[in-house]
Each structure stands twice: as structure tokens, then as C-alpha cells.
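Hello,

Here is the structure I promised to pass on to you. Please have a look at it first, and then read my notes below.

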Amino acid sequence: MGRYLVRRLLQLVPVFLGTTFLIYWLVWSVPGDPFAGKCGERPCPPSYVAAMTAKFQLDENVFVQYATYMKNLLQGDFGTTYSGRSINDIIATAYPNTLKLAVVALAIEAVIGLTAGVLTGLRRNGFLDNLVLVSTLFMIALPVFVVAFVLQWTLGLQWGIVSATVSSEMPFSELIMPGFVLGSASMAYIARVARTSIAENRRADYVRTAIAKGLPMRRVVGVHLLRNSLIPVVTLLGTDLGALMGGAIVTESIFTINGIGREVYRSIVTKESATVVSIVVVLVLVYLLMNLLVDLLYAALDPRIRYE
């Protein structure tokens, strides 16, 4: 396991460098004046443009810029915005809010999706099975902003069950609705994947043997059936954490959450390329580490899987 972990960590290095370079090149190659609107309604004076161009090495080729960026990144410096604000401070302020929202969304989709998948996988073709299939298909088809608007209007504004927006303190009680919205589509996929996995493994020899030995059905499902059926679900949940953190732009904007998604949107609108690159680099790193963690969890769930 130790050699496998070291080998996988080494494999992440070229993937990280290649991905971040591609992101850097794509963001910095976007046409347009990066200093448009930075000086109000008037064009920025040539002295300001020349100073900012030299500071951010905009007159250098993309390879020199990327090398300088990675050198500073290895020292823990994500750079500064055109207005002089530290990107480290932006990420330190917004990242915990997005992480908190993503964890709530992940917990909601795991509990509801896995429960629905297990119940329907054990009793297929019944009323509950058909209800879950129809409702999950409905949730997959609906865009996130539609789900957010409907829940915000009905539960928040009309009925007053929950807060329609999230305050700056971000208590967990206020994150339930945006967490549900953010994880709604993934919840449907998890329910369907868990249903299929449970139904397939239920016909396996080891399940029939456990039942023939007289083990209680609760133990058969909880210890034998569920454990082997969790591998595709864990794959979805692990990779989904990175996707949740990067795809929360709409949800954070609707519920006024000051997170990574809103910062990315603001940076794109104001053409703060350095901020966009730095935030995406953090998301790439999270996504790669979550994929590594998922691979390691496979061996814990299935004893037949061993890494050398």
C-alpha cells in the first residue's frame, strides 16, 4: 500500500502540471483588454498600463508567466489581483464557505440517495421503486437554478420554513436548502447507481450463502451486500466533492453565499485572470486528491482489492 501511495502521488505531479498549464494558457489567452474598467469610465493612462504589464509579466510569453506563477505557488503565494488584493486572502475567506456548503450537499445526497437506492434495490418493481425512478429522472432533468428558485420561493418566501438566503455566519440550518439544491442531481444519480448495484449483488453467491446460513437480513444487507455495493457509490461521492466545489457558482449566487463560486464569477466579469487561475488550481488539486482517496477506499470496502 505504501509503494502504491507513493507511486500515485508521483503520478499526480505531471497531471497537476499539465492541467494547471492548460488552464493558465486558456485563461490568459482570452482576448480583450484586461485593464478595461479598472480606471473608471476613462481609459487607463499608459503609465498605469505599462506598470501593470511589467508587474504581471503580460509582455512575456505564456511559458515564462507560468514558470513564475508556479515558482510563487510553491512558496504559498497565489499572487495579487490588479487592485492589489491578495488572492491568498480571497481563497482563505471564500474557500471554507464553499467547503462547508459542499460537505452539507455531499451528506444530503449520500444519506438520501443511498437510502433510496438500497430500499428500491431490495424491492424492485414496487410502488416505491417506480416512485424513486420517476422522481430521480425528474431531478436529473431539472436545471439547478430552477430547483433553487422553486425551493427558495416556496419554502423560504411563501411558507417561511427555512431562510431564503444564507447569512454571513452560515449556520448549518441555513445550508440545508442550498445543500439540497447543489446535490440534487448527484443525489438522483447515486440513488440509481445504488439501486442497480444492490439489485445485482443481491443475486450473488455470497449473499445466497449468508441467507442460507440463517443470518438476519439486516446483517446480510449491512455487512455483506451493502459493503460490496458501495464501490460505485463511493466513486460518485468522492469525485463529486470536487465537482460540487467547482460547480457552486449558480447556487452561491442565488443564496448569496460568499464562496469560491461567486469569486470565480466576479473574477470572470472583472477579468481578474490571476484570481480565476488560482481558484481553479485549488479545485484541481482537491479533485486529484479526492480521486486518490477514492482509490484507497476501494481496498477498505472490498478485501479482494490489494494495491502493491
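What follows is a short tour of what I found, from the overall layout down to single residues.

Please keep in mind that this is a predicted model.

**Overall layout**

The protein is built from 13 helices and zero strands, so if you like helical folds you should feel at home, given that a helix here is a DSSP run of at least four residues. Read from the N terminus, the elements go α-α-α-α-α-α-α-α-α-α-α-α-α. Along the principal axes, the C-alpha atoms occupy a box of roughly 85 × 55 × 30 Å. Of the 308 residues in the protein, 42% are buried. As for contacts with a separation of 6 or more, 74% of them are between residues 24 or more positions apart.

**The aromatic residues**

How many aromatic pairs does the structure hold? There are five. Let me start with Phe21 and Tyr66: their ring centres are 5.2 Å apart and the planes make an angle of 80°, which is over the 60 degrees needed, so this pair is edge-to-face. Phe21 belongs to helix 1 (residues 2-28) and Tyr66 to helix 3 (residues 62-74), so the pair ties together parts that lie 45 residues apart in sequence. The two partners fall into separate burial classes: Phe21 has 23% relative accessibility and counts as partly exposed, whereas Tyr66 has 11% and counts as buried.

Tyr66 has a second partner to show you, Tyr24. The Tyr24 and Tyr66 rings are also edge-to-face, at 5.8 Å centre to centre with 70° between the planes. Here too distant parts of the chain are linked, with Tyr24 in helix 1 and Tyr66 in helix 3, 42 residues apart. Both of these tyrosines, Tyr24 and Tyr66, are buried.

Which residues make up the aromatic cluster? Phe21, Tyr24, Phe63, Tyr66 and Tyr69 form one cluster together.

Another ring worth a look is that of Phe172, where the charged end of Lys100 sits over the ring, 4.8 Å from its centre.

**The largest pocket**

The largest pocket holds about 310 Å³ of space. It is lined by 14 residues, and those closest to its centre are Lys55, Phe56, Tyr69, Asn72 and Gly79. You will recognise Tyr69 as one of the members of the aromatic cluster. Helix 1 and helix 3 each give at least two residues to the lining, and helix 3 has the largest share, with four residues. By residue type, the lining divides into six nonpolar, six polar and two charged residues.

Lys55, one of the residues closest to the pocket centre, is located in helix 2 (residues 46-55). Is Lys55 buried or exposed? Its relative accessible area is 51%, and the cut-off for exposed is over 50%, so Lys55 is exposed. The C-alpha atom of Lys55 is separated by 12 Å from that of Ser83, which is 28 residues away along the chain.

**Two residues with positive phi**

Most residues other than glycine have a negative phi. Two exceptions caught my eye in this model. Met170 has a phi near 55° and is placed in the loop between helix 6 (144-158) and helix 7 (172-182). With 3% relative accessibility, Met170 counts as buried. Thr256 has a phi near 50°, and its place is the loop between helix 11 (249-254) and helix 12 (260-269). Thr256 has a relative accessible area of 37%, which makes it partly exposed.

**A buried threonine**

Finally, please take a look at Thr275 in helix 13 (residues 273-301). At 1% relative accessibility, Thr275 counts as buried. Which residues does Thr275 touch, leaving aside those up to four places away in sequence? They are Thr81, Ile87, Ile90 and Ser267.

If you open the model with one place in mind, I would suggest starting at Tyr66, which pairs edge-to-face with Phe21 and with Tyr24.

Enjoy the structure, and best wishes!

Technical notes:
Residues numbered from 1 in each chain as written. Predicted model: local features only at pLDDT ≥ 70, side-chain atom pairs only at ≥ 80, totals over all residues. Heavy atoms only, no water. Phe/Tyr/Trp six-rings, centres within 6.5 Å; stacked < 30°, edge-to-face > 60°. Buried < 20%, exposed > 50% of the residue type's maximum accessible area, 1.4 Å probe, protein only. Lys NZ or Arg CZ within 6 Å of the ring centre and 35° of its normal. Contact = heavy atoms within 4.5 Å. 1 Å grid on protein atoms, 1.4 Å probe; cavity = no way out; pocket = protein on both sides within 12 Å on 5 of 7 lines; lining within 4 Å. Points joined across faces, edges and corners; volume = space filled by probe spheres on them. Nonpolar A, V, L, I, M, F, W, Y, C, P; charged D, E, K, R; others polar.
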